[in-house]
Amino acid sequence: MSATQILLLIGAYFIVLMIISYFTGKNDSNSDFFKAGKQSPWYLVAFGMVGASLSGVTFISVPGWVEASQFSYMQVVLGYLFGYFVVAFVLLPLYYKLNLTSIYEYLLERFGAVSHKTGAFFFFISRVLGAAFRLYLVAIVLQQFVFDDLGVRFEFTVIISILLIWIYTNRGGIKTIVWTDTLQTLFMILAVILSIILINQELDWSFGEFLASEELKTYNRFLFTESFLDRNHFIKSFVGGMFVTICMTGLDQDMMQKNLTCKSLKDAQKNMVSFSFVLVGVTFLFMLLGALLYIFSSKNGISIPLMDGEPKTDLLFPEVALNGGLGLPLAITFMLGLIAAAYSSADSALTSLTTSFCVDFLNVEKREEAEQKKIRKRTHIAMSVMLILVIIAFKYILSRNVIDSLLIVAGYTYGPLLGLFAFGIFTKHAVKDKYVWIVTILSVVIIATIANIPSSYLGGYVVGYELLPLNGLLTFFGLWLIRGKKTD
C-alpha cells in the first residue's frame, strides 16, 4: 500500500468524523461539551468504550508483545474484569449521587480544596502521559510507513495528528466522541477479525486449524504460577490489573466522563458491565493475532522492523500488514483499524483534559456564561499543544514496549488517586487538607525508590504491576496519619 493511498484513506476517514462532528456539535455549548446533555444511550457508550479502552496501544503493542510475554497479559485482563465491577457498583453510584461534571469535585466536597487540586493534578499527569503514549504509537507507524517516504519529519506528523483531533472535537466535545467512538470501535474490531482471517488464509489454515496448531502452542501460555518472585506471576498480574482498571477507568475523568453522559445510574451500570465482558473477548483476539503475526513472520523470513537502529516489536503488525505481501485488503483493514484505535482514545483524552482543567483548575462553572465558552476553547487549544510536545519528547526517551510503559507509569500516577478515593469512601474521617499534597508526593517518591531496588537485594523478587495498589495503600496510610474528626 503506497503512502499516497494511505493518506487518501486517512483523509476519507476524517471526512466522516467531521460530518459526525458537524451534526453533534451544532449547539457548541459547555453543557454538551462536558456532559452531552446526559442523553447518551448506554449501549452506544458501552460499545464506544471498548475502542477507547483498547486504543492504539492494544492494537499494535499487545500483538508485538506476545513473543516476549506469551499470553501473560490475559492475567492482567482478567483482573480488569473484576475491577470494572468495582467501578460499576462502588464508584458510579457515588458520582451520580453528587451529579458531578469532573469526578475530582468529589474530593473537594469530601476533604477540601487542596485535595481537589491534588487529585485533579495526578489525573492531569496520568492522562497527558497516557494519551501521549497512545498517539506516539500511531505517529511512529505513520512516520515509518508513510511520511518517511515523503521526506516529512516526525514532528510534523504529530502536529497534523493532533490538529485533526482538535478540529472534530472543538465544538461537540464528549457529545461528538460518544458517536465517533462507536464508529472507531467498529473499525477496530473488524480490523483484528479480518486480519486473523486473511493471514490464516495465506497460511492455508482454517481458524480451527490455527487454534490446534503446534506453532500456536509456543506462544499461548497465559498462566504463570511457578514463582511469586517473577514479575508476571498470576496473583501479581491479576491484582495489578484489577487496580489498574479501578484507577485508569473508575478514577479517570476521561473514561468516567462518557459514563456520566448516560441518562441514569442504572444505564451507566449496564454500560460498564456489558462493556467489560466484550473487552475481555476482544483483547483475547488481539493475543491470537499477535501469535499469528509471529508465526507468519517466521515462515516468511520477516524480521522485526528497526527504529533508530533498534528492533521495535510495536512495528511488527504494520510491517506484516503493509509490507508482508498479503494484498491491499489487509493493508486497508489494518490502516482503518490503526486510525480508529489511536483516535478513539486520543480524542476523548483531549476532551477530558480540557474538561478537568476548566472545571478543576479554572472553576469555569463559576464564571459568567459568556466567558465560559471562551475559556473552554482556549484550554482545548492549550491541551492540544501540550500533547504535541510530550509525544515528540517520547521519540527520544522511550525505549520499552509501549503497553508495558503505560502500565508502569500508571503505578506512579494513579496510586495517589486510589488512596484519596479509598480513604474518602471507606472511612468517615476528615483530613488536614493542606498536607494532602505532601502525603501524595511522598508516596510516589517511596514507590519510585522501591521500583528501582535491584531484584538481587529483594531475594530475586521482581517488582511488577503491584506498585499501583501499594502506592494507593501508602497514600491511604499517609492520610490516616493526618486524619481529622469523623464527618457525617
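These legends go with a set of close-up views of one predicted model.

In this predicted model, local features need pLDDT of at least 70, side-chain atom pairs count only at pLDDT 80 or more, and totals for chains, interfaces and linings use all residues. Residues are numbered from 1 along each chain as its sequence is written, and side-chain values use heavy atoms, with hydrogens and water left out.

**View 1. How confident is the predictor along the chain?**
The score here is pLDDT, the predictor's confidence in each residue, from 0 to 100. The protein chain averages 82, and 91% of the residues score at least 70. Among the elements of the chain, strand β3 (residues 429–431) has the highest mean pLDDT, at 94, while helix α2 (residues 30–35) has the lowest, at 63. Helices (H or I, at least four residues) and strands (E, at least two) are DSSP runs, numbered from the N terminus. Where pLDDT is low, the predicted coordinates should not be read in detail.

**View 2. Helix α18 takes in residues 415–426.**
Ten of its twelve residues are buried, so α18 is largely enclosed by the rest of the structure. Buried means under 20% relative accessible area, exposed means over 50%, and partly exposed is in between (1.4 Å probe, protein chains only). Among the buried ones are Leu 417, Leu 418, Leu 420, Phe 421 and Phe 423. Now get out your ruler: the expected span of a helix is 1.5 Å times one less than its number of residues. For α18 that gives 16 Å, and its end C-alpha atoms are 16 Å apart, which agrees.

**View 3. Thr 118 sits in helix α6 (residues 113–147).**
With a relative accessible area of 6%, Thr 118 is buried. Which residues does Thr 118 touch, leaving aside its neighbours within four places in sequence? They are Leu 420, Val 436, Trp 437 and Thr 440. Contact here means heavy atoms within 4.5 Å. You have already met Leu 420, one of the buried residues of α18.

**View 4. Helix α1 (residues 3–24) packs against α6.**
Their axes are 9 Å apart, and the angle is about 135°. Axes are lines fitted to C-alpha atoms, for helices over the stretch in contact, and angles run from 0 to 180 degrees between N-to-C directions. The two helices are therefore oblique to each other. From α1, the contact is made by Ala 3, Ile 6, Leu 7 and Ile 10, and from α6 by Leu 142, Phe 145, Val 146 and Phe 147. As for the word itself, angles under 35 degrees count as roughly parallel, over 145 as roughly antiparallel, 65 to 115 as roughly perpendicular and the rest as oblique.

**View 5. Helix α13 (residues 265–300) holds Asn 271.**
Is Asn 271 buried or exposed? At 0% relative accessibility, Asn 271 counts as buried. Skip its neighbours within four places in sequence, and Asn 271 is in contact with Trp 42, Val 45, Ala 46, Met 49 and Asn 259.

**View 6. Helix α13 meets helix α14 (residues 316–323).**
Here the axes come within 10 Å and cross at roughly 60°, so α13 and α14 are oblique to each other. On the α13 side you can pick out Leu 289, Leu 293, Tyr 294, Phe 296 and Ser 297, which meet Leu 316, Phe 317 and Val 320 in α14.

**View 7. Val 77, in helix α4, has a partner from elsewhere in the chain.**
Val 77 and Phe 238 are 161 residues apart along the chain, yet their C-alpha atoms are separated by 7.5 Å. Val 77 is buried, with a relative accessible area of 1%. Apart from neighbours within four places in sequence, Val 77 is in contact with Val 280 and Thr 283.

**View 8. Two asparagines, Asn 99 and Asn 363, have a positive phi.**
Asn 99 is in the loop between α4 (73–98) and α5 (105–110), and its phi is near 55°. Asn 363 lies in the loop between α15 (328–361) and α16 (369–397), with phi near 50°. Asn 99 counts as partly exposed at 48% relative accessibility, and Asn 363 also counts as partly exposed, at 32%.
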